[in-house]
Every structure is written in C-alpha cells, then in structure tokens.
Amino acid sequence: MDKLLVDINEDESLPNIKRDKLWKTLRELGFIYESNNRKSALIEKEEIICWRRQYLREIRKLRKEGKNIFYLDETWINEGHFVNKVWQDKLVTNARQAFIEGLSTGLKFPNGKGRRLIITHIGGDKGFVNGGLLDFISNSTKDYHEEMTADVFEEYFSQMIDLLPTNSVIVMDNASYHSRLKEPLPNTKWRKQELLDWLIMKEIVVQEKDLLKKELLQLCKQHSPKYKKYSVDEIATEHGVKVLRLPPYHCELNPIELIWAQMKGYVARNNTTFKLQDVRQLLSASISKISSDNWQKAIRHVIAEEEKFWKLDLLIEETVEPIIISVGNEETDDDDASLSEEDNLYI
C-alpha cells in the first residue's frame, strides 16, 4: 500500500492523497486488507487455472448425473490438542487465593504437542462411511506425510473401496501417496540408454540414430501420457469406482476439511488427560457426533466456493488484460518494428 500511495502522489495527473483517505477509498471499492495468498489473479499459474476449470466441469457433471460422491482425506491430531481460549476468573489472581477459597487452579496443559494420531476417513452426503476409518499412532515428530506412504494408503484403499456402492466417485487431493504411478515414466534423471530402452519397450520407432538425451526425453514425453496410470485409479476401476483429483492447493473444495475442524474442536474441548488412548476415544466419539446434516452443510458450502471460483475465473479473464513489455529499444527501424511473440514478455 505504501508503494501505491507513493505512485499516486508522484503521478502529476492524479491529486495528492493521504494514507487514511486511500485506505477508505480502497474499502469503498470492495478491497479487503488480508493475508496474501495463492488466489492472486496475477500470479496463479495457467495450468492450475485450467486444472480447476476441468475439475469444476467434471464435478458438476457427476452431480447432475446423480453419482454417489465421497470425499477422502487425511489429517492428524496430537495427544496435547486443546483449545486456545478458555473462560478465566480474573478475580482469582494466584494459586494461594484459589486454595483458600476452595477453587481449582484450572486445567494443567501439556508443555508440548505429544504423540500424534494419523487419521484417514471418507464420507459423503449421508455421513461417514461405516468402516472407512484408518487411524494409527505416528512414530515420528516430522511431517505425517512421511508415514502415510503409498503402501499404507493403497492397502487401506483396497479394503475401503469394497464399502462403496458401484459407480461411485471418490474425490481426493494430489498427495504423493495418492498418486503412485503404476509404472515409472521417463524423467530427467534417467540415463540416455534408459530412455532408449523405454522407447523400444513401448515399440516407439526412433528413426534418427544421433538424437541427444534432451531430444529422446522430449520424444518420451510425447508418448508417456498414455502410459500414465496411478495404482489407486487402477484399484478403483476394478471396483467400478471413479477417482477425481482436486486441483493442487484447493483443499477448500473438499468438504471433509470442515468436518475435520468440527471433530478436532470436539476433541480439544473435551481433552483433559492429554493421553493418546483417551484422545483416540474422543476421536471416535467425535465421529459419531458428525451427522449427515453436518456433511450436507459442508458440501453446500463447498459448492458455493466452487461457484465463486467459476465466476471469478470468468471475471478475471474479462477484466484483466495481459501486460506486454517489449524487449529492446522503443525506437526501432521499420524492418524491426514487427516483433515476434518470442520478442515480448507476457505477465
């Protein structure tokens, strides 16, 4: 904002303006002062936008067809999980006064987060899928993704999918353990001979004998999409179920995130022992308290978010034009006046 204020006041065609007046004007125009995030229209990658548009089209179509749509995700909870805010009696100033008046000094909170419980579950508009819960104790203090491996997830997925009706849809994110390839595909780490061997194995004719590794890699990438198959998708297909992956960085389009928040809130409010076995019982109790109505509200909220994204993408395309910066001198000869696309930088 400071830079914007300087730019306005340095522009002779614009009147000078004070900071508070600029702040008020921006608010009147509908701008909100909040934390910067990935939703900035000017920095979002085109591939993410296209992925989102494709996802929104597909999920709309599936809902219109009346498909059973289930939402799957992982989360975690620590044995030291508790609420950040509690009611406190400010009239009691010390432990001695509390003792004299026969009052408690309050719940003693743990110093650290403690051990961690890793959780996977799946649900839809009728509630959680019975038997669809996986929870296990983490043996690491690092990111829980390190222990939720492809092997663990695929074993869970293979058993869980039998609980779903045929012709269902599972919505989930793009975590690496959700997306293990059925077979490895060529990448920059492969040696030249490995690229050649892969092309031969796939019966792809390489006519030129003097291709560089970069050229071989490019040829491999032209053909590899048709061999890009995920293990989880193969399991789903065998059971007549479709997997639909959310676009990257779009957890807000998965209603189970709202369900996680309700569950964790229940655990935090009722966690008094800060022992993992008790937290596990609270987790089970929280799941039983999540109704189909809770799920339906979360799904309606997500559908509203989907509509916002859809309209925003259209609005941005209509109102935000690309800024073109010509590379080179402003004064050019007639022969150089026409620049090719490569001679311009698009922002």
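These legends describe close-up views of a predicted model.

**View 1. Packing of helix α9 against helix α10.** Helix α9 spans residues 256–270, and helix α10 spans residues 276–289. Their axes lie 9 Å apart, at an angle of about 135°. That angle makes α9 oblique to α10. The crossing of the two helices is right-handed. From α9, the contact uses M263, Y266, V267 and N270. From α10, it uses V279, L282, L283, A285, S286, I287 and K289. By class, the residues in this contact are 8 nonpolar, 2 polar and 1 charged.

**View 2. The largest nonpolar core.** This core holds 32 residues. Y55, F128, V171, I259, M263 and W295 have the most contacts inside it. Two or more residues each come from α3 (46–64), β1 (69–78), β2 (116–124), β5 (169–172), α9, α10 and α11 (292–319). Helix α9 gives the largest share, 6 residues. In soluble globular proteins, nonpolar side chains tend to be buried together.

**View 3. Surroundings of F128.** Neighbours within four places in sequence are left aside here. F128 is then in contact with H121, I122 and G123. Its other partners are I256, I259, M263, I287, I290 and W295. Apart from the core of F128 lies another core, of 23 residues. V129, L164, I235 and A236 are among the residues of that other core.

**View 4. Packing of helix α6 against helix α7.** Helix α6 covers residues 192–201, and helix α7 covers residues 213–223. The two pack at an angle of about 35°, with axes 10 Å apart. Their crossing is left-handed. Helix α6 contributes K192, L195, L196, W198 and L199 to the contact. Helix α7 contributes K213, L216, L217, L219, C220 and H223. This contact has 8 nonpolar, 1 polar and 2 charged residues.

**View 5. E203, a non-glycine residue with positive phi.** E203 sits in the loop between α6 and α7. Its phi is about 60°. E203 is exposed, because its relative accessible area of 72% is over the 50% cut-off.

**View 6. N167, another residue other than glycine with a positive phi.** N167 is in the loop between α5 (150–160) and β5. Phi of N167 is near 75°. With a relative accessible area of 44%, N167 is partly exposed.

Notes. Residues numbered from 1 in each chain as written. Predicted model: local features only at pLDDT ≥ 70, side-chain atom pairs only at ≥ 80, totals over all residues. Heavy atoms only, no water. Axes fitted to C-alpha atoms, helices over the stretch in contact; angles between N-to-C directions. Helix = DSSP H or I, 4+ residues; strand = E, 2+ residues; numbered from the N terminus. Parallel < 35°, antiparallel > 145°, perpendicular 65-115°, else oblique. Left-handed = near helix turned anticlockwise from the far one by under 90°. Contact = heavy atoms within 4.5 Å. Nonpolar A, V, L, I, M, F, W, Y, C, P; charged D, E, K, R; others polar. Core = buried A, V, L, I, M, F, W, Y, C linked by side-chain atoms within 4.5 Å. Buried < 20%, exposed > 50% of the residue type's maximum accessible area, 1.4 Å probe, protein only.
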